[in-house]
Amino acid sequence: MSTTAASSIAAANTALVKDPKLQLKSFNGFRKNASYSSTYSLLLDTRIHPFSSISSSTSPAVIRAVSTPAKQETAVQTKRSKVEIFKEQSNFIRYPLNEELLTDTPNINEAATQLIKFHGSYQQYDRDERGGRTYSFMLRTKNPCGKVSNQLYLAMDTLADDFGIKTLRLTTRQTFQLHGVVKKDLKTVMSTIIKNMGSTLGACGDLNRNVLAPAAPIVRKDYLFAQETADNIAALLTPQSGFYYDMWVDGEQFMTAEPPEVVKARNDNSHGTNFPDSAEPIYGTQFLPRKFKVAVTVPTDNSVDLLTNDIGVVVVSDENGEPQGFNLYVGGGMGRTHRMETTFPRLAEPLGYVPKEDILYAVKAIVVTQRENGRRDDRRYSRMKYLIDSWGIDKFRSVVEGYYGKKFESPKQLPEWEFKSYLGWHEQGDGRLFCGVHVDNGRVKGEMKKTLREIIEKYNLNVRITPNQNIVLCDIRSSWKRPITVALAQSGLLPPTYVDPLNLTAMACPAFPLCPLAITEAERGIPDFLKRIRVVFEKVGLPYNESIVVRVTGCPNGCARPYMAELGLVGDGPNSYQIWLGGTPAQTSLARTFMNKVKKDDLEKVFEPLFHTWKSMRKSKESFGDFTNRVGFEKLQEIVDKWEGIPKSSSRYYLKLFTDAETFEAVDALARVQNKTAHQLAMEVIRNFAASQQNGKSQ
Ligand code: SRM
Ligand code: SF4
């Protein structure tokens, strides 16, 4: 398409969407006259479709949120949230964003702020600043399975330095976040991502978000199949109407070829799932009521926090390891609102089993059930978990079966779940190695960022982002293992055995300074919390290799999935946190609120009695999560309330150490790299030394 044609379409399109009457007139006009300019023929192609569900007697204000072809229009108007109106009037997520991006102001208006999310970006401002607001945009990529090519990694790294806050953030859904991009640079940054074969399309907004799958590049049939399925689901649910490419690369298409089975499944309308003439056959004009999340994995591997997703998909293989089909779980979600018991985190529950060739049809049927029935009046209750909760799983299943066109089989029996981190060195299974690197809270910055870039560039590595905010370096030859290990360690990225086990499984969301919803610190607060937990562990006599899953968020939305943690801290007021207990190391049970409004400085008053009681009352190897569930919150609360300090008999023994200044400084510097105190590091060295001597004796 020529630039002139594109701009005249853009102008016509803007006029069209700005004036609702014109929308309708133009639409009816096209139909009646059937003679229109080539510009308008293109318009009809991509832009008239959104209104194809309006009957001529209906005003645009009553475009239905959803409309399968069979459905009758009703005169009854249900209340809809503001965002539904913005979507309806946007001409497929274009207007007024297209105009707002051209103004000189540093920010965009309310409607555009909602729409830009569908393009993968959020408007933010620095909440540390007093006085005026400095606006910037956060960009989030979409990387099914966390896969990031070498080219894209290097492009993102450069963009962070040139246009962002010089950090990259690895997220809990296997994507990058790039913070701090100013409005005038948005197009350059977006188009650079697209031209480097990346995408931010649909990373945010009311549609399918990044599809999770185990990040490990293990060459095994089930893993490969899980990853291929995640890619296909992501492709199936990618928006089709071209708004993204129109906005950022002037309509040029950069989509890679889709597998034919994905195209076939998307276009199939045998069971009334699609808007047949729409530019968005699955989403229609209104997209979904709310964000939608899918994870795919293989039995035992719960690196994806499967049950927190709207749909959890698990590959089921036969005795020869050949994938045959999938178990499906539905209705997970974390977000809630403080003091509103009608909002809650929820685990996904089993829906059924489907043979492998049906997976895309089954996923589409679930998405369409939520599209048609999810609430659009109050966004607090729009997630699919609330639909399933109000209907019950049986009714939900039977509605999905209507769109799927078949009955689900019963789910297959699966083994127990485990949390797999993939940290450290592993065989891929094809002669190459991969190395999982722990990055505290996924924040890639400073020396570590420089080193990661150097390694990835020098060895031409592809990488994967894990759902635990870590990074996996892939396709490594064994001769590169040593130089890579040394280079990583020199920048503070230590092998997992040298990182405090508490840090390895901990996660915190970004919260302050940029998240507009943060009530308390999370990412900036967690290093201190973990140190304090370790100090309490030492005080009550828990060994250094003991750990629990700690997750911290700055508000109840649950971005770091704190409601699955053994110890979840959820910001609930200035410098205060709710304490959640009862999650387990394998991420299979939902935590519950233990205490509210515990002041940041008072956390030890709760930690000390809890950890001391765990240490003294636990069954052999019982995890903290299992322990809190077994003992019960009432009993634990009583212990916390009556706590008078550690009984003398179980106090620790002090070992005073004096060193010369030089040794202290060296230990202190090393400790800081490892995010520990000098005291902690010294104790660790002594403990390891004593243990190695003991082992030596017993051999
Ligand atoms: Fe989240 C909103 C960060 C994973 C539940 N999330 C936000 C926003 C965009 C704030 C906003 O709306 O303006 C945060 C941007 C902060 C910043 O400055 O960067 C934000 N969410 C994140 C990330 C970066 C956290 C992280 O530490 O990595 C994760 C990015 C994921 C991605 O790459 O796609 C992230 N968010 C999650 C998860 C975990 C997951 O998906 O596995 C959840 C809980 C699961 C769920 O969806 O139920 C989650 N985020 C939310 C919610 C609550 C949704 C709800 O159902 O109520 C919001 C607020 C909203 O949507 O209204 C939110
Ligand atoms: Fe922001 Fe709340 Fe998500 Fe943290 S949990 S990133 S504070 S929305």
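So, helix 20 and helix 21: how do they sit relative to each other? In this predicted model, they pack at an angle of about 100 degrees, and because angles of 65 to 115 degrees count as roughly perpendicular, that is what we call this pair. Their axes are 6 Å apart. I give you both values because two packed helices are described by the angle between their axes and the distance between the axes. If you want to find the pair on your screen, helix 20 covers residues 624-631 and helix 21 covers residues 633-641.

Which residues make the contact? From helix 20 we have F627, T628 and V631, and across from them, in helix 21, are F633, K635 and L636. Sorted by class, the contact has four nonpolar residues, one polar and one charged.

Now step back along the chain to the loop between helix 19, residues 603-617, and helix 20. Please look at K621 there. K621 is not a glycine, yet its phi is positive, at about 60 degrees. Is K621 buried or exposed? It is exposed, with a relative accessible area of 80%; the cut-off for that word is over 50%.

Keep that one in mind while we go to F92, in the loop between helix 4 and helix 5. Here again is a residue other than glycine with a positive phi, near 55 degrees. The surroundings are another story, though: F92 is buried, and its relative accessible area is 1%, where buried means under 20%.

While we are in that loop, let me show you P96, which also lies between helix 4, residues 82-88, and helix 5, residues 97-100. The peptide bond joining Y95 and P96 is cis, with omega at about 5 degrees.

And where else can you look for a cis bond? Try the step from F512 to P513, where the peptide bond is cis and omega is near 10 degrees. P513 sits in the loop that runs from strand 15, residues 507-508, to helix 18, residues 526-540.

Last stop, the iron atom of ligand 1. Which protein atom serves as its donor? The answer is SG of C559, 2.3 Å away, and it is the single donor from the protein. One caution here: water is not among the atoms, so a site like this may look incomplete. As for where C559 lives, it is in the loop between strand 16, residues 550-553, and strand 17, residues 567-573.

Thanks, everyone, and I'm happy to go back to any of these spots.

Methods: Residues numbered from 1 in each chain as written. Chains lettered and ligands numbered in written order. Predicted model: local features only at pLDDT ≥ 70, side-chain atom pairs only at ≥ 80, totals over all residues. Heavy atoms only, no water. Helix = DSSP H or I, 4+ residues; strand = E, 2+ residues; numbered from the N terminus. Buried < 20%, exposed > 50% of the residue type's maximum accessible area, 1.4 Å probe, protein only. Axes fitted to C-alpha atoms, helices over the stretch in contact; angles between N-to-C directions. Parallel < 35°, antiparallel > 145°, perpendicular 65-115°, else oblique. Contact = heavy atoms within 4.5 Å. Nonpolar A, V, L, I, M, F, W, Y, C, P; charged D, E, K, R; others polar. Donors = N, O, S within 2.8 Å, 3.2 Å for Na, K, Ca; no water.
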